[in-house]
Amino acid sequence: ADSVLFLARVAVTPAELGLEAAHSRIGHQYVLDPDVRLDPDPTAAAVVLTDADVPEMLALVELAKPGPFRPRTIEMGSYYGVRDGDRLVAMAGERMRLDEWCEVSAVCTHPDARRRGLAALLTATVARGIRARGQQPFLNVAAGNESACALYEKLGFRHRADLTFGALNGSV
């Protein structure tokens, strides 16, 4: 049988709120299959990141461009990193939390440290922590980032939906 879904929202444009569209892009949302068993000890090389690490985290995000990450994003959840000597070369953490869901976020690796399994290690570390709290890990990735999509699928994440991500500029 055919179904009809009715939606209602307040018809307010960004301009009416004093905002302007900064950018918009298509992405994919993945969820970790509940039956997937993560590797036994993914935290071996991962260290907990703190407020003191934020300048290095921001520099890595600027270089690797995993998506939005601001100076206070670290306050949204646990973040882990891998260091090569004293240099932060990879990181991942938690961002959005929605009831039983928690987002794996800011998965990124310095170009000089890629292809060493660091993104997989950190994604598994974060996902393990989310599961330990009884929440379901999910993540978002930009369309066209095929290597990230392949990595997440190899770890046991499955494609859930395509999304449009946008950002607005202005003061509210």
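**Entry 1: glutamate 94**

I began with the surroundings of glutamate 94, which, leaving aside its neighbours within four places in sequence, is in contact with Met76, Gly77, Ser78, Tyr79, Cys102, Glu103, Ser105, Val126, Ile130 and Arg133. I note here that the model is a predicted one. I looked up where glutamate 94 sits and found it in strand β4. Is glutamate 94 buried or exposed? Its relative accessibility is 2%, and buried means under 20%, so glutamate 94 counts as buried.

One name in the contact list, Arg133, I followed further. The side chains of glutamate 94 and arginine 133 form a salt bridge, at 3.0 Å from N to O. Arginine 133 belongs to the loop between α2 and β6 while glutamate 94 is in strand β4, so this pair ties together parts 39 residues apart in sequence. Arginine 133 has 39% relative accessibility and counts as partly exposed, whereas glutamate 94 is buried.

**Entry 2: the chain overall**

I stepped back to the whole chain. The protein chain has 3 helices and 7 strands. Read from the N terminus, their order is β-β-α-β-β-β-α-β-α-β. Of the 172 residues in the chain, 38% are buried. I also looked up the surface: the chain exposes about 10,600 Å², and carbon and sulfur atoms supply 53% of that area. Among contacts with a separation of 6 or more, 71% are between residues 24 or more positions apart.

**Entry 3: the sheet**

In which order do the strands of the sheet lie? I read the order as β2-β3-β4-β5-β6-β1-β7, in an open sheet of 7 strands with mixed pairing. At the edges are β2 (47-48) and β7 (157-170), each of which pairs on one side only. As background, strands of a sheet pair through backbone hydrogen bonds, either parallel or antiparallel.

I then went through some of the pairs. Strand β3, residues 79-84, pairs with strand β4, residues 87-98, in the antiparallel sense over 6 bridges. Within this part of the sheet, tyrosine 79 stands opposite glycine 93 in β4. Helix α2 (residues 118-132) packs on the sheet, where it touches β1, β3, β4, β5 (101-109), β6 (136-142) and β7. The direction of helix α2 makes about 160 degrees with that of β5.

Strand β1 has two partners I checked. With β7 it pairs in the antiparallel sense over 13 bridges, and glycine 27 stands opposite leucine 163 in β7. With β6, strand β1 is joined by 5 bridges, and these two strands also run antiparallel. Here glutamine 29 stands opposite asparagine 140 in β6.

**Entry 4: histidine 28**

Next I looked up histidine 28, which has its place in strand β1 (residues 19-32). The relative accessible area of histidine 28 is 16%, and the cut-off for buried is under 20%, so histidine 28 is buried. What does the side chain of histidine 28 make a polar contact with? The partner is the side chain of aspartate 162, at 2.6 Å.

I then listed what histidine 28 touches, not counting residues up to four places away in sequence. The list holds Leu139, Asn140, Val141, Ala142, Ala143, Gly144, Cys149, His159, Ala161, Asp162 and Phe165. Asp162, the polar partner, is thus in the list as well.

**Entry 5: salt bridges**

How many salt bridges does the count come to? I noted 9 salt bridges. One of them joins the side chains of aspartate 53 and arginine 83, at 2.7 Å from N to O. Aspartate 53 is in the loop between β2 and α1 (54-64) and arginine 83 is in strand β3, so far as I could place them, and the pair links distant parts of the chain, 30 residues apart.

I compared the exposure of the two partners. Aspartate 53 is buried, with a relative accessible area of 12%. Arginine 83 is partly exposed, with a relative accessible area of 28%.

Another salt bridge is between the side chains of lysine 65 and glutamate 62, at 3.2 Å from N to O. Both lysine 65 and glutamate 62 are exposed.

I went back once more to the bridge of glutamate 94 and arginine 133, whose arginine is partly exposed at 39% relative accessibility. My last note is on shared partners: salt bridges that share them join Asp53, Glu56 and Arg83 into one network.

Conventions
Residues are numbered from 1 along each chain as its sequence is written. This is a predicted model: local features need pLDDT of at least 70, side-chain atom pairs count only at pLDDT 80 or more; totals for chains, interfaces and linings use all residues. Side-chain values use heavy atoms; hydrogens and water are left out. Helices (H or I, at least four residues) and strands (E, at least two) are DSSP runs, numbered from the N terminus. Buried means under 20% relative accessible area, exposed over 50%, partly exposed in between (1.4 Å probe, protein chains only). A polar contact is a pair of N or O atoms within 3.5 Å; within protein, one must be able to donate a hydrogen and the other to accept it, and residues adjacent in sequence count only if both atoms are side-chain atoms. Contact means heavy atoms within 4.5 Å. Accessible areas come from the Shrake-Rupley method with a 1.4 Å probe; for residues, only the protein chains shown count as cover. Two strands pair if DSSP finds at least two bridges between them. Axes are lines fitted to C-alpha atoms, for helices over the stretch in contact, and angles run from 0 to 180 degrees between N-to-C directions. A salt bridge is a side-chain nitrogen of Lys or Arg within 4 Å of a carboxyl oxygen of Asp or Glu.
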